[in-house]
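Work through the exercises below with the sequence and the model in view, and try each task before you read its solution.

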Amino acid sequence: MGTPRSPKGRAQEVGRRLALEYPGAECELTHDDPFQLLAATILSAQTTDVRVNMVTPGLFAAFPDAESLAVARVEDVEPLIKSVGLYPSKARNLVAMAQRLVTEYGGEVPRRLEDLVTLPGVGRKTANVVRSVAFGLPGLPVDTHVGRLARKLGLTEHEDPVKVELELNGFVAPSERGTFSLRLILHGRRVCDARKPACERCVLADICPSATPPATSRAGGGARTAGGAGQRSGRAMRTARSS
Ligand code: SF4
């Protein structure tokens, strides 16, 4: 393959390579249904998925659905999520979110982005997580990893997450937007660290404008084979599961 020159070509090659690298990429928030995923994603703001997964079993045992959470007192929710950052405002948002689900949507999680973003505590990123993971609908969540990697890879120059999302939407097929985001997040966590990107073992190094050293100075061009990526993918996913 020649080196892709356009952002769209690069995005598609990034998608291809990361699919080999992280074939089993999936949302790491534990959930059984759209309501649980919505609540877990609200809780995940500025907190690790691991931390959220520690509190949601207790939360969902006490309040398994929108109806039960809608009539909860905020002070009864707070102790259940206390180890999660920003828990007082998240407890308020969870109860208000459930109340709106009950009053406006019959207790069900809506599927449309325009409806999801009207729920308390739900922004565009959370709405796209719910759409893509819970419903299998097009949705490309842009978190700090996705925005950062998209800029490093020369896919966008925007800082605003909404503009990043809209630009990436033009490059990624609707059915692949959710997994594209999940794979960029995994790559940001495992390889392209914000402070110390591991370009020397990155499968995107030969097409990444931010690679150090630059791709042109790499001996042999630095392009890696799909087979090589596939062999590393098993290790990457094992590392992901064990951390
Ligand atoms: S080559 Fe380096 S900067 Fe580019 S995506 Fe890979 S780790 Fe990040």
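The expected span of a helix is 1.5 Å times one less than its number of residues, and helices here are DSSP runs of H or I with at least four residues, numbered from the N terminus. The model is predicted, with local features needing pLDDT of at least 70, side-chain atom pairs counting only at pLDDT 80 or more, and totals for chains, interfaces and linings using all residues. Residues are numbered from 1 along each chain as its sequence is written.

**Exercise 1.** Find how far H11 reaches from its first C-alpha to its last, and set this beside the expected span.

Solution. Begin with the length of H11, which is 14 residues. The helix then reaches 20 Å, close to the 20 Å expected at 1.5 Å a residue.

**Exercise 2.** Decide whether H11 is largely enclosed by the rest of the structure.

Solution. Call a residue buried if 20 or more other C-beta atoms, placed from the backbone, lie within 10 Å of its own, exposed if 12 or fewer do, and partly exposed in between. In H11, the buried residues include Phe 180, Leu 184 and Gly 188. Because 12 of the 14 residues of H11 are buried, the helix is largely enclosed.

**Exercise 3.** Compare two loop residues, Gln 46 and Leu 86, by phi and by burial.

Solution. Start with phi, which is near 55° for Gln 46 and near 60° for Leu 86. Most residues other than glycine have a negative phi. Next, Gln 46 is exposed, with 9 other C-beta atoms within 10 Å, whereas Leu 86, with 13 such neighbours, is partly exposed.

How values were computed:
Helices (H or I, at least four residues) and strands (E, at least two) are DSSP runs, numbered from the N terminus.
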